[in-house]
Amino acid sequence: ILPSKPPKSSNFRVLKRTHHKILFLGLLTVLAFVLNVSIGSTDIPLPQLWQGFRGDGSYSLILWQFRLPKAVTCILAGSSLAAAGLLMQALFRNPLAGPDVLGLSSGASLLVALTLLVTPLASSIFGTSWGIALAASTGSGLVFIMMLLLARRMADSVSLLIVGLMMAATTSSLVGILQYLSAADDLQAFIVWTMGTVGATNWTEISVLSIAVGIGLVLAFAQIKSLNAFLLGEAYASSLGIRVRRARLGVVLATSLMVGAVTSFCGPIAFVGLAVPHLVRLAVPTSNHKHLLPAVVLGGALLLLVCDLLAQLPGSTQLLPLNAVTSLIGAPIVIWMVVRNKVTKV
């Protein structure tokens, strides 16, 4: 008697649905990308959009010099911040942890504040986009080195979380003092930087950002096994043969690289890293980071593309601050999840 063919298991059906949802997120991201490059103060009709991609037609200059760099920056920044938020929530086992808990954005803000608010000489040297990016990356790098040294010495991630929060509070207070003592013109330039923007990058800066984000995402995907083990605690991860301190250093390195690069070129963008992992878990209810991480990467790119589209005020020449839009979308989502007890345990 030949054995009967085993029926499809429920796990296989769940996995298939998960793959379909991730594919649907990818299609939505592509749609948001097309809308982002076609809608603005001057709308580009879809027939002329393809001609613009090929470098032909009257819209090619607008497309290649303004719309495409901004949309590509949205994808890079959104995906990296969302992935960094997921890494932090898995490492600290805290659903309200975000990519800012290591103090990287605060360190970047402090160095930018020092260069823009302290002396006119520093403002003239670092006033360019590359100068501000250099100052922000230096601040993030210094905080990263400090957190890396602390991560090697601390036995648990909770202590690292507390130190990161206290470091962020300290740098934020120093930035507040500098703002209070600065001149009005210098203060305006700094405030514009803190609002976050994805429309100020050129293709050279995007290439540097792409390399940093690409390396960070490769490091993040390399930690999938460790992230799954961290869900049940570091003691359980250690019993599975995970080298906990080495894995923690890998997560910190990936997060620091992605957040530092995005903050350098786009400024501090709020709530993307905090809100996207929870939104994606509602659509893709899985705790396996093998499927959750790529879904979060797509979700982050999708959310920032939509936020940038809303910030453009289609049909108008005015622009809203990007951080204002991300906060208006992200903060109510987090509040709703906490009040309704929808925050998924990690």
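Helices α3 and α9 pack at an angle of about 25°, and their axes lie 10 Å apart. That angle makes α3 roughly parallel to α9. The model here is a predicted one, so read the numbers below with that in mind. As for handedness, α3 passes α9 in a left-handed crossing.

Who does the touching? On the α3 side the residues are W64, L68, P69, V72, T73, L76, S80, A83 and L87, and they meet W203, I206, L209, S210, V213, L217 and A220 in α9. Sorted by class, this α3 and α9 contact has 13 nonpolar residues, three polar ones and no charged ones.

**The tryptophan pair**

Two names in that contact, W64 of α3 and W203 of α9, deserve a second look. How many aromatic pairs does a search of the whole structure find? It finds one. The partners are W64 and W203, in a tilted arrangement with 6.1 Å centre to centre and 45° between the planes. Since W64 sits in α3 (residues 60-92) and W203 in α9 (residues 203-222), the pair ties together parts that are 139 residues apart in sequence.

Are these two rings' residues buried or exposed? Neither label fits: W64 is partly exposed at a relative accessible area of 35%, and W203 also counts as partly exposed, at 36% relative accessibility.

**Just ahead of α9**

The loop between α8 (184-194) and α9 holds G199. At 52% relative accessibility, G199 counts as exposed, the cut-off for that being over 50%. The C-alpha atom of G199 is separated by 8.3 Å from that of A71, although the two residues are 128 apart along the chain.

**Bringing in α12**

Now add helix α12 (residues 244-266), whose axis comes within 8 Å of the α9 axis, with a crossing of roughly 160°. Angles over 145 degrees count as roughly antiparallel, and α9 and α12 are therefore roughly antiparallel to each other. Their crossing is left-handed. From α9 the contact takes E205, V208, L209, A212, V213, I215, G216, L217, L219 and A220, and from α12 it takes L253, A254, L257, M258, A261, V262 and F265. By class that gives 15 nonpolar, one polar and one charged residue.

Helix α12 also packs on α3: the two axes come within 9 Å and cross at roughly 150°, again in a left-handed crossing. Here T73, A77, S80, L81, A83, A84, L87, M88 and L91 of α3 make the contact with R248, V251, V252, A254, T255, M258, V259, V262 and C266 of α12. The class split is 14 nonpolar, three polar and one charged.

Here are the residue classes of the three contacts together:

| Contact | Nonpolar | Polar | Charged |
|---|---|---|---|
| α3 with α9 | 13 residues | three residues | no residues |
| α9 with α12 | 15 residues | one residue | one residue |
| α3 with α12 | 14 residues | three residues | one residue |

**The chain as a whole**

Stepping back, the protein chain has 15 helices and zero strands. Of its 346 residues, 48% count as buried. And how much of the contact set comes from residues 24 or more positions apart? Among contacts in the chain with a separation of 6 or more, such residues account for 76%.

Methods. Residues are numbered from 1 along each chain as its sequence is written. This is a predicted model: local features need pLDDT of at least 70, side-chain atom pairs count only at pLDDT 80 or more; totals for chains, interfaces and linings use all residues. Side-chain values use heavy atoms; hydrogens and water are left out. Rings of Phe, Tyr and Trp (its six-membered ring) pair if their centres lie within 6.5 Å; planes under 30 degrees apart count as stacked, over 60 as edge-to-face and the rest as tilted. Helices (H or I, at least four residues) and strands (E, at least two) are DSSP runs, numbered from the N terminus. Buried means under 20% relative accessible area, exposed over 50%, partly exposed in between (1.4 Å probe, protein chains only). Axes are lines fitted to C-alpha atoms, for helices over the stretch in contact, and angles run from 0 to 180 degrees between N-to-C directions. Angles under 35 degrees count as roughly parallel, over 145 as roughly antiparallel, 65 to 115 as roughly perpendicular and the rest as oblique. A crossing is left-handed if the near helix is turned anticlockwise from the far one by less than a right angle, and right-handed if clockwise. Contact means heavy atoms within 4.5 Å. Ala, Val, Leu, Ile, Met, Phe, Trp, Tyr, Cys and Pro count as nonpolar, Asp, Glu, Lys and Arg as charged, and the others, Gly among them, as polar.
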